[in-house]
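Visitor: I'm new to this one. Could you walk me through it, one question at a time?

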Amino acid sequence: MMYIGVNNLCNNSNELPTPCYIFDEAEFGRGIDGFKEALLTRFADVAIGYSVKTNSLPYALRQARLHGCMAEVVSHDEYQLAGLCGFEPREIIYNGPMKSRETFVEAMQGGAIVNLETKRELEWLAAMPAGRTYNVGIRLNINISHVSPKDADSADDNSRFGFSDESSEFADVLSALKAMTGVRVAGLHIHRTTHWREPRFYERSVDYAARVIEKYGLELDYLDVGGGYFGIFPNKPTFADYAVAIHNGLSRHGMERLRIIVEPGNALTASAFSFLSEVIDVKQVDERTRFVTTDGSRNDIDPFFRKSDYLKEILYRDSSRPAEPRQLVAGCTCLEYDRMFTLSDSPRLEVGDRILYNNVGAYTLTLTPQFIRLWPGVYAVDNDGNSRQVRRPSTAADIILFDK
Ligand SMILES: *Cc1c(COP(=O)(O)O)cnc(C)c1O
């Protein structure tokens, strides 16, 4: 079967069974290598922590590790998943409130980077076996309105994460840690995602972190700047812009020697994944509107149901189609609002035509519900354009978790 306008992502996308995601390994590697090179032009010691929650496809986790990434995890489940995908504790950055005591202890003992987020972690830390030094980081609370007003979404763009130096909490954590023998504060962690992902926000938030470091006279190994960056896109900030911004924020405090950690998710995954769906039915409901039903769903590509259009390619099976005034392309679920986009005055879509959605790798696979149609399979495309299945579609049997 031939399609008109077939994309050049992969040699045989015509033959891939739909619905499926397509993972572009070369694009993924380009992002990781590009970010690392940009940071290395400014800093001697850098690490990239791949944000697991943004796209936890095990195959992508393994690829990220092969490209030299650490795994940035925010729950005990993600910690364990990273381990199953080959990450040693010392290759893991453990963040967030949803740590378990067991994995916290294992991470501390195994030399992971652990950034404290909750007070119960202080209790766990105090009870660690004596006889050695444990390094910990602290997440610092960031109010964007105070740190970089131009990037704030509201007059009080505060955060529920980290310990605040606007209250006494950050100082309290520091003194609690100081009172423990064998515990050393080794790093500071900041992470906020701003609407426009502006480099200036990083300059300012890093400057803020540096001022807190000075205020308390901390001798740190690392500053973990978190995630929230753009990937490689035309007319958007580049990895080099972010590296310069972070460097500017630190150099005015003479702290550019710190080890710099970044935790990109969106920047590495968004452009590395596409989603392929096929038209399974077409219906004319009135003179004006044709509904085109596909085997994809907004749940696969827009789980927050916020988008109104997509970076899409329409793959017609033949080129001689009359134009239709209005075609509404919809998903396969029984949600009336599972509608993706509207085509005006475009060639008529027929059963068997395909729609490829590009740039859908961030916060999609990790947010797919088990709603009506279970998880699609994933095909990885290598540098030569050859594809192979790296996740089979899930089946009804996969979701029966009790013994039958
Ligand atoms: C979500 C998250 C990231 C990744 O954010 P992106 O916007 O996908 O880059 C990094 N660090 C932490 C702590 C996070 O919670």
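What follows is a short chat about this predicted model.

Visitor: How is the protein chain divided, and how many Å separate the centres of the domains?

Guide: The chain is split into domain 1, residues 41-264, and domain 2, residues 271-399. Nine residues of domain 1 touch 14 residues of domain 2. Taken over C-alpha atoms, the distance between the two centres is 36 Å.

Visitor: Which residues come nearest to the ligand, and how much of it does the protein bury?

Guide: There are 17 residues around the ligand, and the nearest are Lys53, Gly228, Glu263, Asn266 and Tyr363. The side chain of Lys53 has an N or O atom 2.6 Å from a ligand oxygen, while a polar side-chain atom of Glu263 sits 2.7 Å from a ligand nitrogen. Asn266 uses its backbone instead: an N or O atom there is 2.8 Å from an oxygen of the ligand. On its own the ligand would expose 390 Å², and the share buried by the protein is 93%.

Visitor: Which side chain makes a polar contact with the side chain of Glu263?

Guide: Look in strand E7, where you'll find a histidine, His189. His189 has a relative accessible area of 1%, so it counts as buried. Its contacts include Asn95, Asn115, Asp224 and Glu263. The side chain that pairs with Glu263, at 3.1 Å, belongs to His189.

Visitor: Why are the buried residues of helix H7 on the same side of it?

Guide: Helix H7 runs over residues 169-178, and its buried residues include Phe170, Val173, Leu174 and Leu177. In an α-helix there are 3.6 residues a turn, so residues three or four places apart point the same way. The cover over the buried residues of H7 includes strands E5, E6 and E7 along with helices H5 and H8. Those buried residues share a side because the arc they cover around the axis is only 100 degrees.

Visitor: Is Ile32 buried or exposed, and how far is it from Gly68 in space?

Guide: Ile32 belongs to helix H1, residues 25-40. Its relative accessible area is 1%, so it is buried. Leaving out residues up to four places away in sequence, it touches Ile48, Ala64, His67, Cys69 and Leu268. Gly68 is 36 residues away along the sequence, yet from C-alpha to C-alpha the gap is 8.5 Å.

Visitor: What about His247: buried or exposed?

Guide: His247 is part of helix H9, residues 239-251. Beyond its neighbours within four places in sequence, it is in contact with Arg42, Phe43 and Glu256. The cut-off for buried is under 20% relative accessible area. His247 comes in at 17%, so the answer is buried.

Visitor: Which residue of the loop between strand E8 and H9 has a positive phi although it is not a glycine?

Guide: In that loop, the residue to look at is an asparagine. It counts as exposed, at 81% relative accessibility. Its phi is about 60 degrees, and the residue is Asn235.

Visitor: And what is the phi of Phe305?

Guide: Phe305 is in the loop between helix H11 and strand E12. With a relative accessible area of 24%, it is partly exposed. Phe305 is not a glycine, but its phi is positive, near 50 degrees.

Visitor: Last one: where is Pro19, and what is the omega of the peptide bond from Thr18 to it?

Guide: Pro19 is in the segment before strand E1, which spans 20-24. The bond from Thr18 to Pro19 is cis, with omega near -5 degrees.

Conventions: Residues numbered from 1 in each chain as written. Predicted model: local features only at pLDDT ≥ 70, side-chain atom pairs only at ≥ 80, totals over all residues. Heavy atoms only, no water. Buried < 20%, exposed > 50% of the residue type's maximum accessible area, 1.4 Å probe, protein only. Helix = DSSP H or I, 4+ residues; strand = E, 2+ residues; numbered from the N terminus. Arc of directions from axis to C-beta. Contact = heavy atoms within 4.5 Å. Near = heavy atom within 4 Å. Polar contact = N/O pair within 3.5 Å; in protein donor to acceptor, adjacent residues only side chain to side chain. Areas by Shrake-Rupley, 256 points an atom, 1.4 Å probe, with all protein chains shown as cover. Domains from an automatic or database assignment.
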